[in-house]
Amino acid sequence: MSGFDFFAIALVLLVIVTLLAGVKTVPQGYDWTIERFGKYTQTLSPGLNLIVPYFDRVGRKMNMMEQVIDIPEQEVITKDNATVTVDGVAFYQVFDAAKASYEVANLNNAITVLTMTNIRSVMGSMDLDQVLSHRDEINERLLRVVDAAVSPWGVKVNRIEIKDIVPPADLVEAMGRQMKAERVKRADILSAEGQRQSEILRAEGAKQGQILQAEGRREAAFRDAEARERLAEAEAKATLVVSEAIAKGDVSALNYFIADKYIKAFGQLADSPNQKVIMLPVEAMSMLGSLAGIGEIAKATFGESAAAASAAARRGSVPPTGPTPPAVPPRP
């Protein structure tokens, strides 16, 4: 082969290498920065791209997908001087490859250090109880502060999460005792509330019972008063009838009225549970005379047959006081 052939082959190879050097294929999810003589000129997006060979070169290959960074454990002193161990995780995404490449060195380390610093600042301004119970608030405050800080770097922090908050062992034990005491207190309060409610219900029941008993007594008293009123009306009417009879000259009605009262009085005396012997006073003979008057009234009212029945009743009710008279033979 002659020298011309070697030159032609070298030229062809040079052209091929030049073409290959000017064609760049960027994968999906990445952006490449192009530098010309060390100065940033453009950013290549995913796909086939052309650059000037030998003058331009690829500077940084930036990952444009969302990425995660583990925040290492660190000790944080809270506002009430309690020491807790905290770690977390941060999610960020590069939206400007040029700024992320040339505005900050070692982007991941910068975001990690910035997040750790703000964790100490945010949690250091809160009490231990707030740190343990307001984790969402801590995440929100961290996200707002860190995202504003990394914005000039062409980075967007999408989420910051606190993974673990570990208090010291003695503090955990004290919190356990406090929780137990709180639960015992709640149980005592609930028991007292139940007893109080029970006492109230019993008092309400007793009150209702007394009200019902009072209403019953009032109704009974009303009925008794009504009965006494009816009895008084009957007594008044009977007295009126007797008075009219006396005014007409009929003394037998008065005798009947007195004898009726007398008999009722003796009936009550006989019904006494402590009464064993009944001694009739001398005035008992007057009662018998009144019974005779009753017989006269019945005879005048109902005829001879009623008078005979009354006399027979009188003979049967009054025992003889003297010797039994001899039997009288029937008249022929």
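Which residue in S8 is the bridge partner of Gln 93? It's Lys 156, and we'll come back to that pair once the scene is set. What you're looking at is a predicted model, where local features need pLDDT of at least 70, side-chain atom pairs count only at pLDDT 80 or more, and totals for chains, interfaces and linings use all residues. Residues are numbered from 1 along each chain as its sequence is written, and side-chain values use heavy atoms, with hydrogens and water left out.

Let's begin with the whole chain. It comes to 9 helices and 8 strands; these are DSSP runs numbered from the N terminus, with helices being H or I runs of at least four residues and strands being E runs of at least two. Of its 332 residues, 23% count as buried, where buried means under 20% relative accessible area, exposed means over 50%, and partly exposed is in between (1.4 Å probe, protein chains only). The chain exposes about 23,200 Å², with carbon and sulfur atoms supplying 60% of that; the areas come from the Shrake-Rupley method with a 1.4 Å probe, and for residues only the protein chains shown count as cover. Now take the contacts (heavy atoms within 4.5 Å). Among those with a separation of 6 or more, 60% are between residues 24 or more positions apart.

Now to the strands. S6 (residues 67-77) and S7 (residues 83-94) pair in the antiparallel sense over 9 bridges; for two strands to pair, DSSP has to find at least two bridges between them. Ile 69 stands opposite Ala 90 in S7. In the hairpin of S6 and S7, there are 5 residues between the strands, and Asn 81 takes a positive phi near 65 degrees. S7 is also joined to S8 (residues 155-166) by 10 bridges, again running antiparallel. That's where our opening pair, Gln 93 and Lys 156, belongs.

Stay in S6 for a moment and find Gln 74. Is Gln 74 buried or exposed? Gln 74 counts as buried because its relative accessibility is 8%. Its side chain reaches the backbone oxygen of Met 116 at 3.1 Å. Leaving aside neighbours within four places in sequence, Gln 74 is in contact with residues including Val 84, Ile 119 and Arg 120.

Next, the long-numbered stretch of H6 (residues 169-247). A search of the whole structure finds 10 salt bridges, each being a side-chain nitrogen of Lys or Arg within 4 Å of a carboxyl oxygen of Asp or Glu. One of them joins Glu 173 and Arg 177 at 3.3 Å, N to O, and both residues are exposed. They lie 4 residues apart in H6, about one turn of the helix. Arg 186 and Glu 182 form another, with the closest N and O atoms 3.8 Å apart. These two are separated by about one helical turn because they're 4 residues apart in H6. Further on, Glu 219, Arg 223, Glu 226 and Arg 230 are linked in a network of salt bridges. Within that network, Glu 226 and Arg 223 meet at 3.7 Å, N to O.

Finally, look at helix H1 (residues 3-22), home of Val 17. Val 17 counts as partly exposed because its relative accessibility is 46%. Val 17 helps make a nonpolar surface patch of about 1,200 Å², along with others including Phe 4, Leu 11 and Tyr 54. Patches are made of residues with over 30% relative accessible area and no salt bridge; like charges are joined within 9 Å, and nonpolar side chains (Val, Leu, Ile, Met, Phe, Trp, Tyr) within 5 Å.

Technical notes
A polar contact is a pair of N or O atoms within 3.5 Å; within protein, one must be able to donate a hydrogen and the other to accept it, and residues adjacent in sequence count only if both atoms are side-chain atoms.
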